[in-house]
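Hi everyone, thanks for making time. I'd like to walk you through one model today, so have a look at the screen and then we'll go through it together.

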Amino acid sequence: MKLLVSPSSPEEAQRSLAADIIDVKKPSEGSLGANFPWVIRAIKAMTEKPVSAAIGDFDNKPGGAALAAYGAACSGADYIKVGLMLSDPAAAAEVINGVVRAVKDEFPEKYVVIAAYSDYERLGTISPFDMSPLAAAAGADFAMIDTGKKDRRSTFEFMDEEALTRFTVMNRDAGLGTALAGSLVFEDLPVLKRIDPEIIGVRGMVCGGDRNATIREDLVAKALAGVR
């Protein structure tokens, strides 16, 4: 299980370098808020570790999602993540297909991560279980669960261990990796190890519980020890 930590700036990234994957996002722009291309480039230049970049929480705008994905890939991201803030499976498939093609046509070695939300029922968005086969069919690499509304309610408040394990097994059977995120706390780590996704994504956990605070190097080290 790899630890992905999500800094919002090069300064925060400097305190995140012990993580397995450095994820660039802009928390003020949403669950998977996109940061600037120059921030991705700057963080990529700081480390030999894989760099991930969120490109946004997209509704039915496949062209915009595809262009954002291409921009993140060109800026140096090794993993490109998009969130599906929509309900219609056909529209979701169009966004997923656009993002995968935008990345894979020129950068076949890069990874595409498709995210749906654990709190999909309150958001009225596509279920992670409906997203996963669409991601697999399009040739994506990972299916992800995050919380769409950031109000400190955890993924575990909306999906229990059994559901998350079922999602992980479903992905593995389809040839996808699994990434789990969403206001995770240190106490969740034993359960996450039982679920056994390929990646867990954190920000609030390593900011002292508030994703709008700043990342602490000591908490990154603690989280990393917890996933080993």
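Let's start on the inside. Leu 4, Ser 52, Tyr 79, Lys 81, Val 113, Met 144, Ala 179, Leu 180, Ala 181, Ile 199, Ile 200 and Gly 201 line the largest cavity. Before I go on, please keep in mind that this is a predicted model.

Which elements give two or more residues to that lining? They are strand E4, residues 79-84, strand E7, residues 177-180, and strand E8. E8 gives the most, with 3 residues. By class, the lining of this cavity splits into 9 nonpolar, 2 polar and 1 charged residues. As for volume, the largest cavity comes to about 70 Å³, and the structure holds 1 cavity of 30 Å³ or more.

Now for the pocket. The largest one has a volume of about 400 Å³. It is lined by 25 residues, and those closest to its centre are Ser 183, Arg 203, Gly 204, Met 205 and Arg 211. Two strands give two or more residues to this lining: E6, at 142-146, and E8, at 199-202. So we meet E8 again here, having just seen it give 3 residues to the lining of the largest cavity. How do the pocket's lining residues divide by class? There are 8 nonpolar, 8 polar and 9 charged. If you're thinking about setting the two linings side by side, the cavity's figures were 9 nonpolar, 2 polar and 1 charged.

Next, a pair of helices. The axes of H6, residues 128-138, and H7, residues 161-173, come within 10 Å and cross at roughly 10 degrees. Angles under 35 degrees count as roughly parallel, and H6 and H7 are therefore roughly parallel to each other. On the H6 side, the contact is made by Pro 128, Phe 129, Met 131, Ser 132 and Pro 133. H7 brings Ala 163, Arg 166, Phe 167, Met 170 and Asn 171. Sorted by class, this contact has 7 nonpolar, 2 polar and 1 charged residues.

Finally, let's zoom out. The protein chain has 9 helices and 8 strands. Its radius of gyration is 16 Å, close to the 17 Å that the globule rule gives for 228 residues, so the chain is as compact as a globular protein of that length. Along the principal axes, the C-alpha atoms fill a box of roughly 45 × 40 × 30 Å.

That's my tour. Thanks for listening, and I'm happy to chat about any part of it!

Terms used: Residues are numbered from 1 along each chain as its sequence is written. This is a predicted model: local features need pLDDT of at least 70, side-chain atom pairs count only at pLDDT 80 or more; totals for chains, interfaces and linings use all residues. Side-chain values use heavy atoms; hydrogens and water are left out. Axes are lines fitted to C-alpha atoms, for helices over the stretch in contact, and angles run from 0 to 180 degrees between N-to-C directions. Helices (H or I, at least four residues) and strands (E, at least two) are DSSP runs, numbered from the N terminus. Angles under 35 degrees count as roughly parallel, over 145 as roughly antiparallel, 65 to 115 as roughly perpendicular and the rest as oblique. Contact means heavy atoms within 4.5 Å. Ala, Val, Leu, Ile, Met, Phe, Trp, Tyr, Cys and Pro count as nonpolar, Asp, Glu, Lys and Arg as charged, and the others, Gly among them, as polar. On a 1 Å grid over the protein atoms alone, a cavity is a set of points where a 1.4 Å probe fits but cannot get out, and a pocket is an open set with protein on both sides within 12 Å along at least five of seven lines; lining residues have an atom within 4 Å of a point. Grid points are joined across faces, edges and corners, and a volume is the space filled by probe spheres set on the points. The radius of gyration is taken over C-alpha atoms; the globule rule is 2.2 Å times the number of residues to the power 0.38.
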